[in-house]
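Got the viewer open and a free hand on the mouse? Let's take a stroll through this structure, one selection at a time.

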Amino acid sequence: MSAPRAILPFTALVGQDHMKRALVLNAINPAIGGVLIRGEKGTAKSTAVRALAWLLPEQRITEGCRFGCSPDPGDVQCFECRARIVDGAMLPATTRRMRVVELPINASEDRVVGAIDIEAAIKTGEKRFEPGVLAEANRNILYVDEVNLLDDHIVDVLLDAAAMGMNVVEREGISVDHPSRFILVGTMNPEEGELRPQLLDRFGLCVDVTGIRDVASRVEIVERREAFEEDPTAFVSNYESAERAEAERIAEAIASLPRVQVDRDILVGIAALGIELEVDGHRSDLVMRKAAQALAAYEGADAVTLEDVERVAPMVLAHRVRPIPGGGARTVHVGDLMRAAVVAAGDHKNT
C-alpha cells in the first residue's frame with residue numbers, strides 16, 4: 001500500500017458511492033459482467049477505476065506466460081501453456097499485482113483480439129501470435145473510456161470475450177485461443193451519443209454519476225486533491241490504514257463468495273421484479289443474483305437477503321427498464337414488490 005503511486009486512494013474519493021459499490025462488486029465477482037458508468041466529465045470515473053486496482057489481491061500467474069495464465073492445474077490456460085505441460089511438467093509460478101488495461105478509442109479488431117502471422121504459419125508450421133488488448137486484460141481490469149464512441153463490432157467483441165472468458169482467433173484455418181477474464185469497466189457521456197440497447201444489456205451493472213451539488217463535499221474534493229498534488233507520499237500514507245482495511249474486506253469477500261447462500265425466496269423476488277418492470281430476457285435475473293451475492297459477501301453475511309437485492313436492483317435495472325411512453329416515471333417499490341411475491345409463492349406452494 002505504501003508503494004509510490006500517482007493516483008488518489010480509493011478510500012479518499014468523496015461521494016459517488018453507487019459507482020464505487022458497482023466497481024467493488026465486480027471485483028468480488030467478475031462474472032457479474034462489468035459496469036457501465038454514465039455521466040458528465042470530471043466525476044472521478046477513471047480515478048475510481050485506477051484506484052480500485054490498488055485494492056485487489058495479488059494473483060499467481062505462470063512465469064513467462066504472455067497471457068497471465070494461472071499455473072494451477074485445472075484452470076483454463078492458453079495454447080502456449082497447454083503445450084508446456086504436455087509432458088506433465090508443472091508450470092512455474094510467480095505473482096503480480098492487477099493493473100488497469102486501457103482500450104484505445106481507435107483500436108482495430110486485430111489490436112483488440114490479436115493477430116496471427118499467417119505467412120509464418122504456412123512456411124514453418126508455427127503458430128506465431130501477436131497478443132492484443134484481450135490478452136493484456138486477462139485477469140486484470142479492462143477500462144474502455146467513451147465506449148459509446150467505439151465501433152459496435154469492437155464492443156461486441158469485447159462483450160463476447162467478457163461473457164465467454166475466452167478469446168479465440170481464427171485466420172485461414174489456423175486457430176489460437178487464450179483465457180480472457182477481466183473486470184470490464186466502460187464509461188461514457190450520454191451527451192455524446194448512446195449505446196445500442198442490445199449492447200447496453202450486455203453490461204452487468206450500470207450507474208449514472210453527476211457532479212456533487214453539496215458545497216461542503218465539493219470543497220472537500222478540492223482540498224484533498226490539492227493535498228495529494230502537494231505531497232502524494234504523505235497523502236497516501238494518511239489513507240494507508242483505510243486502504244488496507246478495504247483491501248482485506250474485498251479479499252475476504254472474494255474468498256467467502258462461494259459459501260454465501262441464495263435461497264429460492266430470493267430468486268422468486270428477483271423474478272417477480274423483472275416481470276413487473278417488463279424487463280426483456282433473463283439476463284437481469286442472473287446478474288441481480290450474482291450482484292446480491294457479492295454484496296452479501298462484502299457485508300460479511302452468510303446468506304443473501306431481500307435488502308441486498310433491493311440495494312443492487314437500481315444498478316442492474318438502470319439500463320434495462322423500458323421508459324414509459326410520454327416520459328412518465330415508474331413508481332414500483334422494489335422491496336415491497338419482492339416481499340409480496342415471496343409471500344404469494346409461499347401461499348401457492350402450501351395449497
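## First stop: a salt bridge

Select Glu299 and Arg249: they form a salt bridge, with the closest N and O atoms 3.1 Å apart. This pair links distant parts of the chain, since Glu299 sits in the loop between helix 13 (283-298) and helix 14 (306-317), while Arg249 is in helix 11, 50 residues apart. Glu299 is partly exposed, at a relative accessible area of 38%. Arg249 is partly exposed too, with 31%. Before you go further, keep in mind that what you're looking at is a predicted model.

Why would two such residues pair up at all? Side chains of opposite charge can pair when their charged atoms come close.

## More salt bridges

How many salt bridges are there? The count comes to 17.

Pick Glu80 and Arg66 next. Their side chains meet in a salt bridge, 2.4 Å from N to O. Glu80 lies in helix 3 (residues 79-84) and Arg66 in the loop between strand 2 (59-62) and helix 3, so the pair ties together parts that are 14 residues apart in sequence. Glu80 counts as partly exposed because its relative accessibility is 24%, and Arg66 gets that label at 37%.

Now jump to Glu220 and Arg224. Here the salt bridge has its closest N and O atoms 2.8 Å apart. Both residues lie in helix 9, four residues apart, which is about one turn of the helix. Glu220 is partly exposed, at 28% relative accessibility.

While you're collecting charges, highlight Lys41, Glu146 and Glu192 together. Salt bridges that share partners join these three into one network.

## A negative patch

Stay with helix 9 and switch on a surface view. Select Glu223, Glu226, Glu230 and Asp231: together they form a negative surface patch. Glu230, one of the four, belongs to helix 9, which covers residues 215-230. Is Glu230 buried or exposed? It counts as exposed, because its relative accessibility is 70% and the cut-off for that label is over 50%.

## Around helix 11

Head for helix 11, residues 240-256, and click on Glu243, which lies in it. Unlike the glutamate you just left, Glu243 is buried, with a relative accessible area of 1%. What does its side chain have for company? A polar atom of the Glu243 side chain lies 3.3 Å from the backbone nitrogen of Phe10.

In helix 11 you'll also find Ser241. Ser241 is exposed, at 55% relative accessible area. Add Thr11 to your selection: the two residues are 230 apart along the chain, yet their C-alpha atoms are separated by 9.9 Å.

Try a similar trick with Leu8 and Tyr239. They are 231 residues apart along the chain, and 9.7 Å separates their C-alpha atoms. Leu8 lies in the segment before helix 1 and is buried, with a relative accessible area of 8%.

## A tryptophan to visit

Select Trp54 now; look for it in the loop between helix 2 (45-53) and strand 2. Trp54 is buried, with 17% relative accessible area. Then add Met98, which is 44 residues away in sequence and 7.6 Å away in space, C-alpha to C-alpha.

## Two unusual backbone angles

For the last stop, turn to the backbone. Most residues other than glycine have a negative phi. Gln16 goes the other way: its phi is positive, about 55 degrees, although it is not a glycine. Find Gln16 in the segment before helix 1 (17-28). Is Gln16 buried or exposed? It is buried, with a relative accessible area of 16%.

Glu278 is another non-glycine with a positive phi, about 55 degrees. Look for Glu278 in the loop between helix 12 (264-276) and helix 13. Glu278 counts as partly exposed, because its relative accessibility is 45%, and that label runs between under 20% for buried and over 50% for exposed.

Note on methods: Residues are numbered from 1 along each chain as its sequence is written. This is a predicted model: local features need pLDDT of at least 70, side-chain atom pairs count only at pLDDT 80 or more; totals for chains, interfaces and linings use all residues. Side-chain values use heavy atoms; hydrogens and water are left out. Patches are made of residues with over 30% relative accessible area and no salt bridge: like charges are joined within 9 Å, nonpolar side chains (Val, Leu, Ile, Met, Phe, Trp, Tyr) within 5 Å. Accessible areas come from the Shrake-Rupley method with a 1.4 Å probe; for residues, only the protein chains shown count as cover. Lys and Arg count as positive and Asp and Glu as negative; His and the chain ends are not counted. The place of a charge is taken as NZ of Lys, CZ of Arg, CG of Asp or CD of Glu. Helices (H or I, at least four residues) and strands (E, at least two) are DSSP runs, numbered from the N terminus. Buried means under 20% relative accessible area, exposed over 50%, partly exposed in between (1.4 Å probe, protein chains only). A polar contact is a pair of N or O atoms within 3.5 Å; within protein, one must be able to donate a hydrogen and the other to accept it, and residues adjacent in sequence count only if both atoms are side-chain atoms.
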